[in-house]
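Here is a short exchange between a reader and an author. Please look over the sequence and the model before starting.

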Amino acid sequence: MTSEYNAAQRLLHKIKQNVSDFDLSEGDNNKAAVQGAIAVDLQTLEKRIGEYRILGRQEGNERKRKMMLERASAMTDEHSQLGRRFEKMKQLKTERQENAQNRAELFQRNPTAGTREPMDTAIDMGVQNEEAFWDRSENALDGFIAQGLASLESLREQRGFLDNARRRILNADSTLGLSRTVITYINRRTTQDKIILVAGMVATCFGIYLIIHYLG
């Protein structure tokens, strides 16, 4: 029974090698002969696996019977996988051959078709590069606008903080007896912050205009 299993394993290995060679082969050299040989070997392997399974069921020793049936199931799975792979490769090679024939017929009818394909590819790549450039420009513009808005928001918060401090100091003027010099300094600082806020807004708007003008 070991000899039957070893024979099936040798045939299984042979089929794997032939299927791999068939997958890597190009052209029509011995294509039909190779396909026929693989198909015959797959049928022979299926028959041997069936015979080995029958021997396993007839085995009197429980442990050996279980081992033989497991081996038969494993070989059946490998046989099925090889069969599916072989059929898929045949289909792919047939489609490639048909496409090559159609392309050859097209070139014969229209000799300029082969030169248009690289041109079309170059045009497509140019369009993709342009789209990528505008995407990058748009992202950069969004980043500048976000930074400008964040700066304006920070200036607004500082202005609000200074206004609140000014009101509190003015309200406590009579109680604390602060000098008019301090009040004047606070008013001057508030005016300066307002100027900075306006200048920052103008600079941000001008920067956004430049970005849109030169990248737009």
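The questions and answers below move from the whole chain to single residues.

Reader: What are the ground rules for the numbering and the model?
Author: The model is predicted, so to speak of local features pLDDT of at least 70 is needed, side-chain atom pairs count only at pLDDT 80 or more, and totals for chains, interfaces and linings use all residues. Side-chain values use heavy atoms, with hydrogens and water left out, and residues are numbered from 1 along each chain as its sequence is written.

Reader: How many helices and strands does the chain have, and in what pattern?
Author: Helices (H or I, at least four residues) and strands (E, at least two) are DSSP runs, numbered from the N terminus. The count is six helices and zero strands. Along the sequence the pattern reads α-α-α-α-α-α.

Reader: What percentage of the chain's residues count as buried?
Author: Buried means under 20% relative accessible area, exposed over 50%, and partly exposed in between (1.4 Å probe, protein chains only). The chain has 216 residues. The buried portion is 19%.

Reader: How much of the accessible surface belongs to carbon and sulfur atoms?
Author: Accessible areas come from the Shrake-Rupley method with a 1.4 Å probe; for residues, only the protein chains shown count as cover. The accessible surface of the chain comes to about 15,700 Å². The share of carbon and sulfur atoms is 55%.

Reader: Among contacts between residues at least 6 apart in sequence, what share joins residues at least 24 apart?
Author: Contact means heavy atoms within 4.5 Å. Pairs at least 6 apart in sequence form the base set. Of these, the share joining residues at least 24 apart is 68%.

Reader: Why does the end-to-end distance of helix α2 agree with its residue count?
Author: Helix α2 covers residues 31–58, which is 28 residues. The expected span is 1.5 Å times one less than the number of residues. That gives 40 Å, and because the end C-alpha atoms of α2 are 41 Å apart, the two agree.

Reader: Which helices do the buried residues of α2 pack against?
Author: The buried residues of α2 include Ile38, Asp41, Leu42, Leu45, Ile49 and Tyr52. Lys31 and Gly56 are also among them. Their packing partners are α1 (2–24) and α3 (62–109).

Reader: Which element gives the largest share of the largest nonpolar core?
Author: A nonpolar core is a set of buried Ala, Val, Leu, Ile, Met, Phe, Trp, Tyr and Cys residues joined through side-chain atoms within 4.5 Å. This core has 18 residues, and Ile15, Ile38, Leu42, Leu45, Tyr52 and Met75 touch the most other members. Two or more residues come from each of α1, α2 and α3. The largest share, seven residues, comes from α1.

Reader: Which residues does Leu42 touch, not counting those up to four places away in sequence?
Author: Leu42 is buried in α2. Leu42 is also one of the core members that touch the most others. Its partners are Ile15, His79, Leu82, Gly83 and Phe86.

Reader: Which residue meets Asp41 in a salt bridge?
Author: A salt bridge is a side-chain nitrogen of Lys or Arg within 4 Å of a carboxyl oxygen of Asp or Glu. Asp41 pairs at 3.7 Å, N to O. The pair links helix α2 to helix α1 across 27 residues of sequence. The partner of Asp41 is Lys14.

Reader: Is Asp41 buried or exposed?
Author: Its relative accessibility is 10%. Lys14, at 43%, counts as partly exposed. Asp41 counts as buried.

Reader: How many salt bridges does the whole structure hold?
Author: One joins Arg65 and Glu62 at 1.9 Å, N to O. Another joins Lys90 and Glu87 at 3.3 Å, with both residues in helix α3, about one turn apart. The search of the whole structure finds four.

Reader: How far is Met89 from Phe22, C-alpha to C-alpha?
Author: Met89 lies in helix α3 and counts as buried at 6% relative accessibility. Beyond its neighbours within four places in sequence, Met89 is in contact with Val19, Phe22 and Asp23. Met89 and Phe22 are 67 residues apart in sequence, yet in space the distance is 8.2 Å.

Reader: Is Lys93 buried or exposed?
Author: Lys93 lies in helix α3. Lys93 touches Phe22, Asp23, Ser25 and Lys31, not counting residues up to four places away in sequence. At 12% relative accessibility, Lys93 counts as buried.
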